[in-house]
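Let's take a walk through this structure together. Keep the picture in view as you read, and follow along from one stop to the next.

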Amino acid sequence: MMIKQKRYEALVYALHGDLFRYAFWLCHDRQVAEDLVQETFLRAWKALDSLKEEKAAKAWLITILRRENARRFERKQFDLVDVETTAVPDKKSPGPEQNMENEWLRRHIADLAPEYREPLLLQVIGGFSGEEIAGILDLNKNTVMTRLFRARNQLKEAMEQNNSPRGRSNG
C-alpha cells in the first residue's frame, strides 16, 4: 500500500500543473478545471495498478481527464450562450505588446475546429509526440500529423492576414 501511495504522490507532484493547464484549456473555468483534475487523480488512484509503464503516465492521465470532461456534458444539459473566451493571464510576458500577441494567438487557437485545436494543444501544452497524441485521441498517427499541419497552416494564414495592410486592425 505504501508503494502505491508514493507512486501516486509522485504522479500528482510531477503532472498536476500540466493536467490543470490542459483542463483549463478545455473548460475555460478555473474551478471546473480544478474539479476535473481532482476527479482525474481520484480515478487514477483507483486504477493505478493498471498503469504498467511510468513513461505512459502523462498520456494515461490526459485520457482520463478528457473522459472526465466528456462526463460533465453527459450528466448536465447546459444553457448555451455566446461568451467571449477567457484569457489566461501571462505573468511572464515582457509587456503589453506581448500580451496582445498572446491573446491574439489564444483567440485564433480557440477558433480552430476541435479536430485541429485538440491535437495542437496536446502537442503545445502537453508536450506530446504525434504518436502519443494518436493514442490519446484514438486516431491514426498520420491523421494526427495532418491535423497538426493544418492547424499550424490556419494559424499562419490568420497571421499573414493580420499583418497585411487590409487585415491589420487600427486601434
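**A guided tour of the helices**

Our starting point is Asn 69, which lies in helix 3, a helix that covers residues 57-75. Please bear in mind along the way that this is a predicted model. Is Asn 69 buried or exposed? Its relative accessibility is 10%, and buried means under 20%, so Asn 69 counts as buried. Setting aside residues up to four places away in sequence, Asn 69 touches Leu 26 and Leu 36.

Now step back and look at the whole protein. It has 7 helices and 0 strands, and reading along the sequence gives the pattern α-α-α-α-α-α-α. The protein has 171 residues, of which 33% count as buried. How much of the contact joins residues that lie 24 or more positions apart? Among the contacts with a separation of 6 or more, such pairs account for 61%.

Let's go next to the beginning of the chain. Helix 1 takes in residues 2-27 and has a kink of about 55 degrees, centred on Leu 15. Leu 15 is also one of the buried residues of helix 1. Others in that buried set include Tyr 8, Leu 11, Leu 19, Phe 20, Phe 24 and Trp 25. Lys 4 and Asp 18 belong to the buried set too.

Follow the chain past the end of helix 1 and you come to His 28, in the loop that leads from helix 1 to helix 2 (30-46). What is notable about the backbone here? The phi of His 28 is near 60 degrees, a positive value in a residue other than glycine. With a relative accessible area of 30%, His 28 is partly exposed.

Beyond that loop, helix 2 meets helix 1. Their axes come within 9 Å and cross at roughly 145 degrees, and the crossing is right-handed. On the helix 1 side, the residues that make the contact include Lys 4, Tyr 8, Leu 11, Leu 15, Leu 19, Phe 20 and Cys 27. Helix 2 contributes, among others, Val 32, Leu 36, Val 37, Phe 41 and Trp 45. Sorted by class, the residues of this contact are 16 nonpolar, 3 polar and 3 charged. Two residues from earlier stops turn up here as well: Leu 15, where the kink of helix 1 is centred, and Leu 36, which Asn 69 touches.

Our next stop is further along the chain, at helix 5 (residues 114-124) and helix 6 (residues 130-137). These two pack at an angle of about 130 degrees, and their axes are 10 Å apart. Helix 5 and helix 6 are therefore oblique to each other, and helix 5 passes helix 6 in a right-handed crossing. From helix 5, Glu 118, Pro 119, Leu 122 and Gln 123 meet Ile 133, Ile 136 and Leu 137 of helix 6. By class, this contact has 5 nonpolar, 1 polar and 1 charged residues.

Helix 5 has another partner in helix 7 (residues 141-163). Here the packing angle is about 95 degrees and the axes are 8 Å apart, which makes helix 5 roughly perpendicular to helix 7. Glu 115, Tyr 116, Pro 119, Leu 120 and Gln 123 of helix 5 meet a set of helix 7 residues that includes Arg 147, Leu 148, Ala 151 and Leu 155. The residues of this contact divide into 6 nonpolar, 2 polar and 4 charged. Pro 119 and Gln 123 take part in the contact with helix 6 and also in the one with helix 7.

How do helix 6 and helix 7 relate to one another? A good guide is Ala 134, which has its place in helix 6. Ala 134 counts as buried, because its relative accessibility is 8%. Apart from its neighbours within four places in sequence, Ala 134 is in contact with Leu 139, Asn 140, Lys 141 and Val 144. Ala 134 and Val 144 are 10 residues apart in sequence, and their C-alpha atoms are 6.0 Å apart in space.

The tour ends in the loop between helix 6 and helix 7, where Asp 138 is found. Asp 138 is not a glycine, yet it has a positive phi of about 55 degrees. Its relative accessible area is 72%, so Asp 138 is exposed.

How values were computed:
Residues are numbered from 1 along each chain as its sequence is written. This is a predicted model: local features need pLDDT of at least 70, side-chain atom pairs count only at pLDDT 80 or more; totals for chains, interfaces and linings use all residues. Side-chain values use heavy atoms; hydrogens and water are left out. Axes are lines fitted to C-alpha atoms, for helices over the stretch in contact, and angles run from 0 to 180 degrees between N-to-C directions. Helices (H or I, at least four residues) and strands (E, at least two) are DSSP runs, numbered from the N terminus. Angles under 35 degrees count as roughly parallel, over 145 as roughly antiparallel, 65 to 115 as roughly perpendicular and the rest as oblique. A crossing is left-handed if the near helix is turned anticlockwise from the far one by less than a right angle, and right-handed if clockwise. Contact means heavy atoms within 4.5 Å. Ala, Val, Leu, Ile, Met, Phe, Trp, Tyr, Cys and Pro count as nonpolar, Asp, Glu, Lys and Arg as charged, and the others, Gly among them, as polar. The bend at a residue is the angle between axes fitted to the seven residues ending there and the seven starting there. Buried means under 20% relative accessible area, exposed over 50%, partly exposed in between (1.4 Å probe, protein chains only).
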